[in-house]
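Please open the model in the viewer and keep the selection panel at hand. The tour below proceeds stop by stop, stating at each one what to select and what is found there.

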Amino acid sequence: MLTIGKVATLAETSTDSLRFYEREGLLSPDSKGKNGYRLYGNDVLRRIRFIKHAQQCGFSLSEIRELLNLQARESACCKDVRELAIEKKLQLEGKARPLRTMSQALDELIAMGSLEERPLDDCPILSALETAMSGKH
């Protein structure tokens with residue numbers, strides 16, 4: 001059995017993160033020692049790796065909880081997990097699209113003012129921003 005400190009070290013995370021995962025229902029100690037310390041089995045490291053990787057893929061803690069619940073449900077199948085992954089991918093694409101548009105708009109603005117030593121009153125980027133905004137009101 002591993003203490004929370006040992007788990008944190010092996011998982012390269014903090015004990016605060018582990019306690020947070022516990023409060024969120026993503027982890028639970030296998031038992032508590034006589035001294036009140038949380039004690040975990042070796043499978044906790046696999047679970048933490050799962051949580052961290054799912055977070056890197058954009059899953060929220062509630063979505064990770066749902067994935068873990070699916071994993072524990074006998075009636076669940078890979079199709080259920082795939083549907084969650086597809087839903088997350090569509091959400092991420094929906095967030096990325098406006099960011100790409102903003103990035104392209106900034107590229108255009110930056111190109112307008114490249115290598116120019118004009119005063120601020122004659123700055124093409126500021127003028128373009130003012131013009132674009134005044135056209136929408």
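**The largest pocket**

Select Asp43, Val44, Arg46, Arg47 and Leu68: in this predicted model, these residues lie nearest the centre of the largest pocket, which is lined by 13 residues. The volume of this pocket is about 260 Å³. Which helix gives the most to the lining? Colour α3 to see it: α3 contributes five residues, the most to the lining of the largest pocket. Helix α3 covers residues 43-56 and α4 covers 61-72, and each of the two supplies at least two lining residues. By class, the lining of the largest pocket divides into six nonpolar, three polar and four charged residues.

**Two residues on the helices of the pocket**

Remain on α3 and select arginine 49, which lies in that helix. Arginine 49 has a relative accessibility of 54% and therefore counts as exposed, the cut-off being over 50%. Draw a distance from its C-alpha to that of alanine 11: arginine 49 and alanine 11 are 38 residues apart in sequence and 7.5 Å apart in space.

Move next to α4 and select glutamate 63, whose place is in that helix. Is glutamate 63 buried or exposed? Its relative accessibility is 18%, so glutamate 63 counts as buried, the limit for that class being under 20%. Display its contacts as well: leaving aside residues up to four places away in sequence, glutamate 63 touches Gly58, Lys88 and Gln91.

**The sheet**

Switch to a cartoon view and select the three strands, which form an open sheet in the order β1-β3-β2 with antiparallel pairing. The strands β1 (2-3) and β2 (31-32) stand at the edges with a single partner strand each, so one side of each has no neighbour in the sheet. Strands of a sheet pair through backbone hydrogen bonds, either parallel or antiparallel.

Zoom in on β1 and β3, the latter made of residues 38-40: the two run antiparallel and are joined by two bridges. Which residue of β3 is the bridge partner of leucine 2? Select tyrosine 40, as this is the partner in β3.

**Helix α1 and its buried side**

Now select α1, residues 4-11, and show the side chains of Ile4, Val7, Ala8 and Ala11, which are the buried residues of this helix. Why do they lie on the same side of α1? They cover an arc of only 100 degrees around the axis, which puts them on the same side of the helix. An α-helix has 3.6 residues a turn, so residues three or four places apart point the same way. To see what these residues meet, add β1, α2 (15-23), β3 and α3 to the selection: the buried residues of α1 pack against these elements.

Within α1, select alanine 8. Alanine 8 counts as buried because its relative accessibility is 5%. Not counting residues up to four places away in sequence, alanine 8 touches Thr13, Ser14, Thr15 and Leu18. For a longer view, draw a line from its C-alpha to that of glutamine 71: the two residues are 63 residues apart along the chain, and their C-alpha atoms are separated by 24 Å.

**The loop after α1**

Continue along the chain to glutamate 12, found in the loop between α1 and α2. Which sign does the phi of glutamate 12 take? The angle is positive, about 55 degrees, although the residue is not a glycine. Most residues other than glycine have a negative phi. Glutamate 12 has a relative accessibility of 71% and so counts as exposed.

**Helix α6**

The final stop is leucine 126 in helix α6, which covers residues 124-134. At a relative accessibility of 37%, leucine 126 counts as partly exposed. Select leucine 109 together with leucine 126: the pair is 17 residues apart in sequence and 8.8 Å apart in space, C-alpha to C-alpha.

Key: Residues are numbered from 1 along each chain as its sequence is written. This is a predicted model: local features need pLDDT of at least 70, side-chain atom pairs count only at pLDDT 80 or more; totals for chains, interfaces and linings use all residues. Side-chain values use heavy atoms; hydrogens and water are left out. On a 1 Å grid over the protein atoms alone, a cavity is a set of points where a 1.4 Å probe fits but cannot get out, and a pocket is an open set with protein on both sides within 12 Å along at least five of seven lines; lining residues have an atom within 4 Å of a point. Grid points are joined across faces, edges and corners, and a volume is the space filled by probe spheres set on the points. Helices (H or I, at least four residues) and strands (E, at least two) are DSSP runs, numbered from the N terminus. Ala, Val, Leu, Ile, Met, Phe, Trp, Tyr, Cys and Pro count as nonpolar, Asp, Glu, Lys and Arg as charged, and the others, Gly among them, as polar. Two strands pair if DSSP finds at least two bridges between them. Buried means under 20% relative accessible area, exposed over 50%, partly exposed in between (1.4 Å probe, protein chains only). The arc is that of the directions from the helix axis to the C-beta atoms. Contact means heavy atoms within 4.5 Å.
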